[in-house]
Amino acid sequence: MNEIHEIKWTAQTSPGRYRRNNEDAFLLMMFDECELCYLGKEGSSDAWKNHFIFAVSDGIGGSEAGEYASQSALRSISDLISREFHRGKKHSQIDYSKMLTAFCEQIHDAILKISNHYKECSNMGATLSIGWLHESVLHFAHLGDSRIYLLSSNNSMVQLTEDHTVAARKVREGKLTPAEAKRHSNNNILEKSIGSGHGFDFPQLGQQPLSQGDRLVFCTDGVADGITPYTIEKTILTPPPYLKDLNPAEAVVKEALDASGKDNITSIVVEITV
């Protein structure tokens, strides 16, 4: 594992072909001991001593409620980082898993409180896939069926998160094949999420060492349902001529839009350099 000195990122979202509202949201953030700032949809930065947050969220609840849920979830992260990070940095080593779990739980409680007070927001919720990048390691927490992929420098594509759906669980249990799961009636029924009118679900937690040339792909299910991991990989590494004027995240969203577009579509692509 090499020490990371620079990262590059791109992000893009689309409501898809058939929906007026975009219930997806994404977050790009950089911070250190002194300040926190939001990042633009495309850029690069010196990674030395900086912390980065990348996250995607897909709202649940329909109409404005789902859109509000995903945006609320990601807005909450900046407040929590500002409050909790300074407390965490006093220790010799940050407990990333503990802090990420606390973020998920506090976001869950905030969404639940709103949904309990406003009838139009009843049972609203969101998926959440959040990555905290620092000192050549990605720490992540995940709830729902958005995804985080690692496209390593040797061009292998690995899904770091597991889908929290009925069909995906049955695949893990050996009761369905991946092809059968795509056609399964419960394919998109979530078993874990943020909010959604129920008690707190503990997130999937993990960490991934990163090296020069590695890429991370954060995406909502509008990407995953539209194109395969192989297509995502090829779109980023060897885009066809009609995508060459687009940045990586735009290209992934365009491919998913052309392939399906029945859902909202969001992608963040992060490239590791040294």
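Two strands count as paired if DSSP finds at least two bridges between them, and the strands themselves are DSSP runs of E with at least two residues, while helices are runs of H or I with at least four residues, both numbered from the N terminus. The model is predicted, so local features need pLDDT of at least 70 and side-chain atom pairs count only at pLDDT 80 or more, whereas totals for chains, interfaces and linings use all residues. Residues are numbered from 1 along each chain as its sequence is written, and side-chain values use heavy atoms, with hydrogens and water left out.

**Exercise 1. Describe how strands β9 and β13 pair, and place them in their sheet.**

Solution. Begin with the two strands: β9 covers residues 147–151, β13 covers residues 215–219, and they pair in the antiparallel sense over 5 bridges. Within this pair, Arg147 stands opposite Cys219 of β13. Next, widen the view to the open sheet of 6 strands, whose order is β4-β1-β14-β13-β9-β10 with antiparallel pairing. Strands β4 (42–46) and β10 (157–159) each have a single partner strand and stand at the edges, so one side of each is left without a neighbour in the sheet. From one strand to the next, the twist averages 20 degrees, where angles run from 0 to 180 degrees between the N-to-C directions of axes fitted to C-alpha atoms, for helices over the stretch in contact.

**Exercise 2. Find which strands helices α6 and α7 meet.**

Solution. Take helix α6 (residues 229–237), which lies across β9, β10, β13 and β14 (265–273) and runs at about 55 degrees to β9. Then turn to helix α7 (residues 248–259), which packs on the sheet and touches β1 (6–14) and β14, its direction making about 145 degrees with that of β14. Contact here means heavy atoms within 4.5 Å.

**Exercise 3. Examine the salt bridge between Arg215 and Glu271, and then that between Glu162 and Arg172.**

Solution. Recall that side chains of opposite charge can pair when their charged atoms come close. A salt bridge is counted when a side-chain nitrogen of Lys or Arg lies within 4 Å of a carboxyl oxygen of Asp or Glu, and the structure holds 9 of them. In the bridge between Arg215 and Glu271, the closest N and O atoms are 3.6 Å apart. Arg215 belongs to strand β13 and Glu271 to strand β14, so the pair ties together parts that are 56 residues apart in sequence. Now judge their exposure, for which buried means under 20% relative accessible area, exposed over 50%, and partly exposed in between (1.4 Å probe, protein chains only). Arg215 is buried at 18%, whereas Glu271 is partly exposed at 25%. Finally, the side chains of Glu162 and Arg172 meet at 4.0 Å, N to O; Glu162 is partly exposed at 33%, and Arg172 is partly exposed at 43%.

**Exercise 4. Work out how the salt bridge of Lys175 fits into a network.**

Solution. First, the side chain of Lys175 meets that of Glu173 in a salt bridge of 3.4 Å, N to O. Second, Lys175 counts as exposed at 59% relative accessibility, while Glu173, at 41%, counts as partly exposed. Third, salt bridges that share partners join Arg169, Glu173, Lys175 and Glu191 into one network.
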